[in-house]
Amino acid sequence: RMANGKYAAVFGNGYNSTNHVAVLYIVDIATGAVIKAISTEAGDSSSPNGLSTPITIDMNGDRIVDAIYAGDLLGNMWKFDVTDDDPGNWDVAFASGGNPAPLYEAKDSSNVSQPITAKPQVGSHPEGGVMVYFGTGKYFETGDNIVGNSPLVQTFYGIRDDSSAVGDRSDLVEQTIDAEGVKDGFDVRQTSENAVDYSSKDGWYMDLVTPPQPGTAKGERVVSLPLLRNGRIIFTTLLPDEASCSFGGTSWLMELDALTGQRL
């Protein structure tokens, strides 16, 4: 239920829209009327954009949606503030220079934007605010299965939303995939256990590269919803297979400490 008392369907505009802009729609499920369409103003014909599947959250336990999070093709993780009982006041939560601003803009170490196509996951932070979990990468357009010689490095993020936007990777702690091997007949990975001090940092990230570090990019990406269970963030990755007669590729099942990204 929304703060205006209406039950609503909440969804992104998806991809290939006429205006190429990422937009959130909130629709009255009783009448089909659009309660509010919130534009992020991000995207144009030269940088086509679209909003992926959002997640709604209730921050105070009253069973009313307070915030909505969703990513877009340009790597923006957006937060929408819908706490007001007047839908006219619902909007993107952050602004910069009078324009809508994301909670975080996902970019690799070379400052290249990473697309977000999977629905994020959200959980509480013990010191206040919430943690927003999401991976980057896409796998729906022609050519997305072609890895190439220099694929974009994709990343999994755990970002703390403490009512302010997060700057860049320097505000996060890096976790790494350090080794791969075989144990009891299963392919396994060992990841890092770097501490995260939330008095000075706003979360963590893990680049999806094959060890040894600094790692080799092989087109690994996240295109499905992560799960949050008992303090653990669980997600699958995809490494596409370019062969047209293959079953699509291979995958890793990753399970980390949700708050820090450390290995368990």
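**The largest pocket, two nonpolar cores and a three-stranded sheet**

The residues that line the largest pocket divide into five nonpolar, two polar and three charged. The model is a predicted one, and the account below moves from this pocket to the nonpolar cores and then to a sheet.

The largest pocket holds about 200 Å³ of space. Its lining consists of Arg189, Gln190, Thr191, Trp252, Leu253, Met254, Glu255, Leu256, Arg263 and Leu264. Two elements give two or more residues to this lining, namely β16, residues 186-191, and β20, residues 249-257. Of the elements, β20 gives the most, with five residues. In general terms, empty space of this kind is revealed by rolling a probe the size of a water molecule over the atoms.

The interior comes next. The largest nonpolar core has 20 residues, and those that touch the most other members are Tyr69, Leu103, Tyr104, Val132, Phe134, Tyr157 and Ile159. Two or more residues each are given to this core by β4 (55-57), β5 (67-71), β12 (130-135) and β13 (155-161). The largest share, three residues, comes from β12. Apart from this core lies another, of 18 residues, with Met206, Trp252, Met254 and Leu256 among them. Trp252, Met254 and Leu256 of that second core are also named in the lining of the largest pocket. As a general tendency, nonpolar side chains in soluble globular proteins are buried together.

A further part of the model is an open sheet of three strands, arranged in the order β1-β2-β3 with antiparallel pairing. β1 (8-12) and β3 (34-39) are the edge strands, each of them pairing on one side only. Averaged over the sheet and with direction ignored, neighbouring strands are turned by 10 degrees against each other. In any sheet, strands pair through backbone hydrogen bonds, in either a parallel or an antiparallel manner.

Strand β2, residues 23-28, pairs with β3 in the antiparallel sense over five bridges. Within this pairing, Val27 stands opposite Val34 of β3, and Leu24 stands opposite Ile38 of β3. The two strands form a hairpin with five residues between them, and Gly32 in the turn has a positive phi of about 85 degrees. On the other side of the sheet order, β1 and β2 are paired in the antiparallel sense, again over five bridges. Here Phe11 has Tyr25 of β2 as its bridge partner. Strand β2 is mostly covered, with five of its six residues buried.

Two individual residues may be considered in closing. Ile38, the residue opposite Leu24, is found in strand β3. Ile38 counts as buried because its relative accessibility is 2%, whereas the limit for burial is under 20%. The C-alpha atoms of Ile38 and Leu51 are separated by 11 Å, with the two residues 13 apart along the chain.

Leu238 has its place in strand β19, residues 232-240. With a relative accessible area of 15%, Leu238 is therefore also classed as buried. Leu238 and Arg221 are 17 residues apart along the chain, and their C-alpha atoms are separated by 5.3 Å.

Notes: Residues numbered from 1 in each chain as written. Predicted model: local features only at pLDDT ≥ 70, side-chain atom pairs only at ≥ 80, totals over all residues. Heavy atoms only, no water. 1 Å grid on protein atoms, 1.4 Å probe; cavity = no way out; pocket = protein on both sides within 12 Å on 5 of 7 lines; lining within 4 Å. Points joined across faces, edges and corners; volume = space filled by probe spheres on them. Helix = DSSP H or I, 4+ residues; strand = E, 2+ residues; numbered from the N terminus. Nonpolar A, V, L, I, M, F, W, Y, C, P; charged D, E, K, R; others polar. Core = buried A, V, L, I, M, F, W, Y, C linked by side-chain atoms within 4.5 Å. Buried < 20%, exposed > 50% of the residue type's maximum accessible area, 1.4 Å probe, protein only. Pairing = 2+ DSSP bridges. Axes fitted to C-alpha atoms, helices over the stretch in contact; angles between N-to-C directions.
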